[in-house]
Amino acid sequence: MLLREVEYVRPSSVDEAVRMLGAHDGARALAGGQTLVNVMKARAASPDVLVDLNRLEELRSISVTGDTLELGAMATYTQIMASSEVEVARPILAEVCALIADVQVRNRGTIGGNLCSNDPTNHLPPLMVALGAEMVILGPDGERTVPSADFFLGVYLTAAGPGDLLTSVRVPAGRRDAFEAITLGADGTCIVSAAASVGDDVRVALGCVDAVPILVTPSSAEESAVREAVQGAGLEPPADVHASSEYRRHLAEVVAVRAVQKASERS
Ligand SMILES: Cc1cc2nc3c(=O)[nH]c(=O)nc-3n(C[C@H](O)[C@H](O)[C@H](O)COP(=O)(O)OP(=O)(O)OC[C@H]3O[C@@H](n4cnc5c(N)ncnc54)[C@H](O)[C@@H]3O)c2cc1C
């Protein structure tokens, strides 16, 4: 299906992008377009203005300062998979990006677009919550930093609201992480996912069981503690053609245990 007529602008600086996003109520950022263009074709979204971020090279940088890895919002999955900074500071990011869809999607799709679309089946929202990442947002009133636990507000809804631009994601360094999912086909969409990080405490973020990732913090990495924490979360997952609510609740426990076990075995 052809797109509805839409105005298109291509800013040459981050400040100009924020000005353009704030100038029109119906303006939307265009990153990799792997979600946005598809929902526009399906008429599920019809922005008046597309603000194309693809010229903003400063949004693609990946750097490490002290114990913090900073990824520009326009860093693609392919770029993250190839990054030596990611490999040293938080290798799970590359591991999970390699699981997303296919090479075409990985070449175009960006970390910022993945997080800002907050599709509950996306791989990166639960991962960011488990890792305790922070989102840096630039809006008409300046810059603010939002912890990942407060960033995801609902299906396709995040703290980066109208007029806001997610500029980067800050991730603390660490290695004892894992991601486990039950997917449609070998590398398909997640039916249920779990990202785990094991350090002084154990953090598990569950995906596809609610509108936003659900964080549980088992008292230890023991299987019984993980099961107890997931059971205690009072999950009421959605049901669809792929899994009933009850089956998703069961799978959430299974993938959480697997993810924590795998993360614990890493050094
Ligand atoms: C066939 C196919 C299979 C897929 N399978 C998976 C999968 O298994 N797992 C998975 O995680 N994803 C999957 N995806 C989605 C893919 O990862 C998308 O790339 C991602 O969801 C959106 O990223 P994008 O850069 O393409 O963003 P876009 O589509 O350009 O934008 C998505 C949304 O985010 C907003 N946005 C983008 N960047 C910013 C920013 N910096 N600041 C503020 N708002 C912003 C846009 O306005 C838009 O609303 C799949 C996509 C396709 C086409």
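**View 1. The largest cavity encloses about 40 Å³ of space.** A cavity is a set of points, on a 1 Å grid over the protein atoms alone, where a 1.4 Å probe fits but cannot get out; its volume is the space filled by probe spheres set on the points. The search of the whole structure returns one cavity of 30 Å³ or more. Its lining (residues with an atom within 4 Å of a point) includes Asn118, Asp119, Pro120 and Cys208. The lining comprises seven nonpolar, two polar and two charged residues, with Gly classed as polar and Cys and Pro as nonpolar.

The model is predicted: local features need pLDDT of at least 70 and side-chain atom pairs pLDDT 80 or more, while totals for chains, interfaces and linings use all residues. Residues are numbered from 1 along each chain, and side-chain values use heavy atoms, without hydrogens and water.

**View 2. The ligand occupies the largest pocket.** A pocket is an open set of grid points with protein on both sides within 12 Å along at least five of seven lines; a molecule sits in one if more than half of its atoms lie within 2 Å of its grid points. Shell residues come from elements including β2 (27–30) and β10 (165–172), and α7 gives the largest share, five residues.

**View 3. Polar atoms of Gly32, Gln34 and Thr35 approach ligand oxygen atoms.** The distance is 2.9 Å for a polar backbone atom of Gly32, 2.8 Å for a backbone N or O atom of Gln34 and 2.8 Å for a polar side-chain atom of Thr35.

Terms used:
Polar contact = N/O pair within 3.5 Å; in protein donor to acceptor, adjacent residues only side chain to side chain. Helix = DSSP H or I, 4+ residues; strand = E, 2+ residues; numbered from the N terminus.
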